[in-house]
Structures are given as C-alpha cells and as structure tokens.
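Got the viewer open? Let's take a walk through this one, picking out a few residues at each stop.

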Amino acid sequence: MPEFTLPGDAETVVKTAKTYARDLAERTLATGVVAAGAVAVAAGPADMFRASFWETMAAAGIAAAGTLLKGMLARAFGTKNSASFAKGV
C-alpha cells in the first residue's frame with residue numbers, strides 16, 4: 001500500500017498560509033477604504049444623499065465584511081494561497 005504524503009513541507013505550508021493571510025487582509029482593508037471614500041464623495045460634494053460619519057463607516061464595514069467572506073470562500077474552494085477565485089492570481 002503506498003504511503004500518503006502531503007504536498008510540500010511545513011515551511012511551504014506556513015508560507016502559503018502567510019501569503020493567503022496577507023492577500024486577504026490587503027483586499028479587505030482596500031475595500032473598506034475605497035467604500036468609505038465612495039460614500040463620503042457621494043454624500044459630500046456630489047450631494048447624492050446625506051450620510052453621517054458613522055453611516056459612512058458602517059457602509060464601508062459592510063463592504064469590507066463582504067470582501068472578507070468572499071476571500072475565505074475563495075480559499076476553501078480555490079487556490080489555497082490566494083483570496084481570489086481566479087486560478088493563479
């Protein structure tokens with residue numbers, strides 16, 4: 001009976017987890033910042049609607065939480081070292 005071996009060594013697994021964590025954190029933070037900026041612009045000079053500081057932060061937080069969830073699902077169903085569903089990204 002052939003032995004079962006995991007692909008890579010412990011160092012590779014740690015690097016993969018570290019790469020994934022950095023990728024997911026960057027995507028989540030970037031989404032939050034961009035969403036906050038978009039809401040602030042829409043509520044400010046564009047005067048599309050009125051939003052308080054906390055409403056702006058809540059909208060950005062919801063967008064960032066969505067990105068976080070998507071990144072976690074991408075790891076479960078996609079490439080293990082990326083928060084993207086696209087292969088090789």
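Start with the whole thing on screen. Buried residues make up 22% of the 89 residues in the protein. Keep in mind as you look around that this is a predicted model.

**The overall view**

Switch to a cartoon view. You should find 2 helices and 0 strands. Helix α1 covers residues 10-43, and helix α2 covers residues 53-77. Now turn on the surface: the protein exposes about 6500 Å², and carbon and sulfur atoms supply 71% of that area. As for contacts between residues at least 6 apart in sequence, 55% of them join residues at least 24 apart.

**Stop one: a salt bridge in α1**

Select D23 and R27, and show their side chains. Both sit in helix α1, 4 residues apart, which is about one turn of the helix. Their side chains meet in a salt bridge, with 2.8 Å from N to O. Side chains of opposite charge can pair when their charged atoms come close. A search of the whole structure finds 1 salt bridge, so you can colour this pair and move on.

How buried or exposed are the two partners, D23 and R27? D23 counts as buried because its relative accessibility is 16%, under the 20% cut-off. R27 has a relative accessible area of 27%, so R27 is partly exposed.

**Stop two: across from α1 to α2**

Next, select A21 and M72. A21 is in helix α1, while M72 lies in helix α2. They are 51 residues apart in sequence, and 9.7 Å apart in space from C-alpha to C-alpha. Both are partly exposed: A21 has a relative accessible area of 43%, and M72 has 46%.

Which residues does M72 touch, leaving out those up to four places away in sequence? Add Y20 and L24 to your selection, and you have them. While Y20 is on screen, show R75 too: R75 lies over the face of Y20, at 4.4 Å from the ring centre.

**Stop three: a buried threonine**

Jump to T56, in helix α2. This residue counts as buried because its relative accessibility is just 7%. What does T56 touch, not counting residues up to four places away in sequence? Select A36, V39, A40 and A51 to see those contacts.

**Stop four: two rings, side by side in sequence**

Now pick F53 and W54. A pair of aromatic rings is described by the distance of the centres and the angle of the planes. The count for this model comes to 1 aromatic pair. F53 and W54 form that pair, and it is edge-to-face, with 4.9 Å centre to centre and 80 degrees between the planes. Try turning the view until you are looking along one ring.

Are these two buried or exposed? F53 is exposed, with a relative accessible area of 52%, and W54 counts as exposed at 66% relative accessibility.

**Last stop: a nonpolar patch**

Finish by selecting L69, L73, F77 and F85 with the surface on. Together they form a nonpolar patch on the surface, with about 440 Å² of accessible area. Where does F85 sit? F85 is in the segment after α2. Its relative accessible area is 43%, so F85 counts as partly exposed.

Notes: Residues numbered from 1 in each chain as written. Predicted model: local features only at pLDDT ≥ 70, side-chain atom pairs only at ≥ 80, totals over all residues. Heavy atoms only, no water. Buried < 20%, exposed > 50% of the residue type's maximum accessible area, 1.4 Å probe, protein only. Contact = heavy atoms within 4.5 Å. Areas by Shrake-Rupley, 256 points an atom, 1.4 Å probe, with all protein chains shown as cover. Salt bridge = Lys/Arg side-chain N within 4 Å of Asp/Glu carboxyl O. Patch = residues over 30% accessible without salt bridge, like charges linked within 9 Å, V, L, I, M, F, W, Y side chains within 5 Å. Phe/Tyr/Trp six-rings, centres within 6.5 Å; stacked < 30°, edge-to-face > 60°. Lys NZ or Arg CZ within 6 Å of the ring centre and 35° of its normal.
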